[in-house]
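Opening the notebook on this one. I want to go through a helix start, a sheet and a chain interface, in that order.

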Protein chains: 2
Amino acid sequence: MPGMNPDIEKERNTATFDPKEFTILWSGGEQLYKEKKILEKLLLDDPELEDPQPISYFSHKELYENSVRKACIVGEKIRKLRADGEDGVNTYNALLGGSLGSAILKEGNPLALHYVMFLPTIMGQGTIEQQVEWLSKAWDCEIIGTYAQTELGHGTFLRGLETRADYDAKTQEFVLNTPTLTAYKWWPGGLGHTANHAVVVAQLYTKGEFRGLAPFIVQLRHSDTHEPLAGIDIGDIGTKLGMKGVNNGYLGLKNVRIPLNNMLMKNQQVLPDGTYVAPKNNVLTYGTMMFVRCAIIRDTATALAKASTIATRYSAVRRQSPIDPNQREPQIMDHTTQQLKLFPQIAKAIVFKATGDSFWNLYNVLSGEIEQGNLERLPEMHANACCLKALCSADAAAGVETCRLSCGGHGYMDCSNFPTIYGTTTAICTYEGENTVMLLQTARYLVKVYGHALTGEQLVPTVAYINEALKLQDFVNFDGSLECIVKAFQFVAANKVRVAYEQVDQRRQQGHSTEMAASLSGVFLTSAAELHGRAFLAQSAYTELLAMCKQVSPALADVLMVVLELYLVDACLNRIGDFLRFINLTDEDVTKLEVRLQRCLERLRPNAVALVDSFDLHDRVLASALGAYDGNVYEHIFESAQKNPLNKEPVNASFHKYLKPFMKAHL
Amino acid sequence: MPGMNPDIEKERNTATFDPKEFTILWSGGEQLYKEKKILEKLLLDDPELEDPQPISYFSHKELYENSVRKACIVGEKIRKLRADGEDGVNTYNALLGGSLGSAILKEGNPLALHYVMFLPTIMGQGTIEQQVEWLSKAWDCEIIGTYAQTELGHGTFLRGLETRADYDAKTQEFVLNTPTLTAYKWWPGGLGHTANHAVVVAQLYTKGEFRGLAPFIVQLRHSDTHEPLAGIDIGDIGTKLGMKGVNNGYLGLKNVRIPLNNMLMKNQQVLPDGTYVAPKNNVLTYGTMMFVRCAIIRDTATALAKASTIATRYSAVRRQSPIDPNQREPQIMDHTTQQLKLFPQIAKAIVFKATGDSFWNLYNVLSGEIEQGNLERLPEMHANACCLKALCSADAAAGVETCRLSCGGHGYMDCSNFPTIYGTTTAICTYEGENTVMLLQTARYLVKVYGHALTGEQLVPTVAYINEALKLQDFVNFDGSLECIVKAFQFVAANKVRVAYEQVDQRRQQGHSTEMAASLSGVFLTSAAELHGRAFLAQSAYTELLAMCKQVSPALADVLMVVLELYLVDACLNRIGDFLRFINLTDEDVTKLEVRLQRCLERLRPNAVALVDSFDLHDRVLASALGAYDGNVYEHIFESAQKNPLNKEPVNASFHKYLKPFMKAHL
């Protein structure tokens, strides 16, 4: 392998800021940066965690077996960290998901749900006694669990779940059944062949009466032989677009009996005689969902950071299509059209990260308030979390694909790592609340709030702009300043909410029920929620990046200001139809914005490589022949092809078996 | 397996038109429909062409070997059809790509390039003598070839290719070399381990002088042993996002000598003494590119037809999220938000198919004109082909993903077949002219035409709207009629071309070269080209669907009119920013369009299943557990999971090897 590619070296030499400064900021400070480096060393220097060949060459079964092998090594390291008292949320995030986990198990970890769902569910929903009984075994991985909720025929709508648990007071047992094919649990990670326990969510019946959903710990496989227990029909659901090593499974239950004490009873109880004690409130569930969605916003930032790093480095090295026919083909990053593909993704990575971080902090403040019984801001934050989850995941998935396509044919090869990154990222659009459902939840909140605004009520902070917009007749003096773009986004969002409100209202007046009126206005609702989310992101970008600028060197602040302007102008042009609909802008105003976008691209160009360098993604995390730090794109691609098992033999067996007889058939 | 799913049966019973009528139209008439059915029988009834297991469970190497096996069987059938005189363009299309080919080899055919590139290149660029020498061997598959042009470091810009052929007059041979790593041929299908010959495109040097590009037939592997010949470094490039069975390969050449007669010499010649005779013109190359791009437009329609069929049938069966909390969960197709995902894809499938067909006819007319030396409409049609290729492929890829996401988690499973359809469809955005490059070519033409318009010149038909727009100051009386939407699209496109022209012009006046001015205006240029393409599609949808309506039953005509209106209103709303920028529309006008879109969705709803049924895609072509004709979605998914090799054993070996030691470590 040659040294540094000269084109990429030149980029680094001519950058106007020190990437290390932004790296520290991006990592959350010196301390967290150091911890990150220690974890990287712990995992990436272990030769046992390397793959015998690029995993895309494995069959599904081989991939699973290799995943279990590595997951156990990672599990052992977690045990050690825990014994040394060095575990914590950041560590689990890093090892199981995030960037580092994906460097080790890029198609996912079949033990992940044990750590991120099975353990937390017991902690959150088990009584103290139940925690004592189960947690230490689970922490030590004497038992390995997963979380089984979604069914083959039922997802989002929990009341539709069919799996049932009937309490038998005689034996003090629950009898679990999946009465139909559509009741089969479907999707839980690790359920196929890895876990031997699961938290199963089922409809509870005691004394012949329906009581609602409850979680049950069910042993699935024999502790020694791992054979499925009686009444358990279990397997792997099959190959998928991504997350290929996760061992998503299915589970059918036929008269499976478990002791009374296996129902997690912190929030609701069944007494030995079958008496049911209902839960006090459901606020805690909200909290968990928001926690997960906060984490998701950060994941979308990581996905964009990875994809934009790979595509930007490639674009610094790849030369193609001369601008001046008498000159050498330029680095493709010099084409404006290429810049428009790459740079907005870099900006989004930064804005989503900053938004995720600040939302995380807000979540922590809120958690405190909730514990003290103050639930006032819960619906607001839930609504925001929903639409941010939807927008960030959709933008990230689209951004990853834009980056991939910007690398032409080479982006299509698995060795670019784009296919895997896309598989992981697009999954976010569906899990933890399908995006359209998320937007509808936000919209329902916004329409309600709009009704309050009409009656002159004061609104909570993140929707207060609706009140302000109501006071304005028109949005005047669009001066194009960053602050003005943020305000304009809010004005536009408020008007979208107004239109949605009016649509629902009209249909109600035509005699539809509120529910039916909302359903018939679905398209108006989702688009209002989208604009609310866009306005939120614009405000957050503005607030967070300006705050960053105040604490960094002038050289870095200059770059961050370009990032901010690029983000806002691009966001505005992407929704220019909504802007023009509600704000009186001329053709020339739009052209001015477009010229300004182009100018932002030009200004970011010299720092593009340094900016993605500062995301500090290890070559093993990127896992991309196109994105390696040294920029030796072609050498890495070629090297990767040499690892192809097909290339180990000059002539494949299929020649003798099929091709030769076919070719010689008529000779 | 149960009989027909009752929900989907109900849909079919309540449709207002006869799907068979549209099927015949879609197939191109009774005769072609019959031929299609005969070919289907020939391929789909052959048990040898079934896979031993779903191919997603294979390793890359196993997949290749299974692909060769099946490709040889298909090849044998082609031989037979040819011997019986029953071959033809339609047959090759059907067997090698299109829908039927994908039913047999859903990840592509490693012999495809032999038929669609190697043979046609010899026919198009070989002299009569060369055709005699090579064609019969190639038709009989005594030799199997591919077409090697793209290099590891060079794609679109052909003059940048590095592979060279130096003529040695002493031995009357060419000496071929790939002098650098970036000169390696990269990507040709079948090159890895399948083909034993290739047409290699190289820079020709004779008498020490550079002569331009030329095609050479190079033998790569020994006819009997299939071992790579001396100086040939060859292999498979590795796993990819899609087209996984195609055996894309790489090729390095080191002093490989081939006889003088192996250069294809129909258009240019090298005489034995090394004298070079240049080609007369390059018009023929244009012709081939347009031919391929016409075919591509049809492929994008097929992709959308497949994806929308699967998602629509699934949406008729899947029930989720009650609208009325007291009622059963509805078919998800009853949610407006779901309709907005599905129905525009159905409409696009129909419009792209109609456009592809009419463009194909135009191409044939034009080919005739060109052969008679009339090149007048060539640049215009080339420009249109470029932007249609770009827009239809981008829309189709996005549409496939929209359909996949509309099926929630189940769309993510390979058994939905969405991942494969997406892999095949998104590839179209890159091959045969990368989409951004395509749009820039169209834009270059449009800007030139705009200059002509300014001087009052008459314009050729498909850009004549620019002249009309120049005459109008404003677009008045937007009455929302379909004709008006088409006219408005043209007005908007003309204005986008004007803005692009002005941007290029301004930069030229600032002192930039024309090339640099165009490069700096890249974003304006691509977006002008896009609008031109959208206007073309709008006009084409209007013309072709109205023409269809005149020849069908009133019941079908009613449905097609809804399809047309849906297509146009949706297209307009998708570019509403451009409309509002150049046409004076109010907030109420936009709301009216949105309400109308919603109304179109409602009107299409009762016929959605019948409409996708009428695409007449065989279950084997769809290859989807979600999209089978019988609608037994859950049964098919479950059945598919049972074919997972992991599920053949209750306990996977990795339990004993890794998991058990890990779990028992601390006991």
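**Start of a helix in chain B**

I looked at the start of α1(B) and found a side-chain oxygen of B:Asn5 within 2.7 Å of the backbone nitrogen of B:Asp7. Note to self: this is a predicted model.

Next I checked burial along the helix, which covers residues 6-13 of chain B. B:Asp7, B:Ile8, B:Glu11 and B:Arg12 come out buried. Looking down the axis of α1(B), I see the buried residues within an arc of 140°, so they line one face of the helix. B:Pro6 and B:Asn13 sit on the other side of α1(B) and are exposed.

**A sheet in chain A**

I then pulled up an open sheet of three strands in chain A, with the order β4-β8-β7 and antiparallel pairing. Which strands are at the edges? β4 (185-186) and β7 (232-236) of chain A are, each pairing on one side only. I followed β7(A) to β8 (residues 249-253) of chain A and got five bridges in the antiparallel sense. For A:Gly235, the bridge partner in β8(A) is A:Tyr250.

**Chain A against chain B**

How much area do chain A and chain B bury between them? I get about 11700 Å², with 62% of it on carbon and sulfur atoms. On the contact list, 139 residues of chain A touch 139 residues of chain B.

For the polar side, I have 62 residue pairs in polar contact between the chains, both residues at pLDDT 80 or more. Helix α4 (residues 60-83) of chain A gives the most to chain A's side of this interface, with 11 residues. The salt-bridge rule finds 12 across the interface. One pair I looked up is A:Lys61 with B:Glu649, whose side chains meet in a salt bridge at 3.4 Å, N to O.

Technical notes
Residues are numbered from 1 along each chain as its sequence is written. Chains are lettered from A and ligands numbered from 1 in the order in which they are written. This is a predicted model: local features need pLDDT of at least 70, side-chain atom pairs count only at pLDDT 80 or more; totals for chains, interfaces and linings use all residues. Side-chain values use heavy atoms; hydrogens and water are left out. Two strands pair if DSSP finds at least two bridges between them. Helices (H or I, at least four residues) and strands (E, at least two) are DSSP runs, numbered from the N terminus. Buried means under 20% relative accessible area, exposed over 50%, partly exposed in between (1.4 Å probe, protein chains only). The arc is that of the directions from the helix axis to the C-beta atoms. A polar contact is a pair of N or O atoms within 3.5 Å; within protein, one must be able to donate a hydrogen and the other to accept it, and residues adjacent in sequence count only if both atoms are side-chain atoms. Contact means heavy atoms within 4.5 Å. Buried area is the accessible area (1.4 Å probe) that two parts lose on being put together, summed over both. A salt bridge is a side-chain nitrogen of Lys or Arg within 4 Å of a carboxyl oxygen of Asp or Glu.
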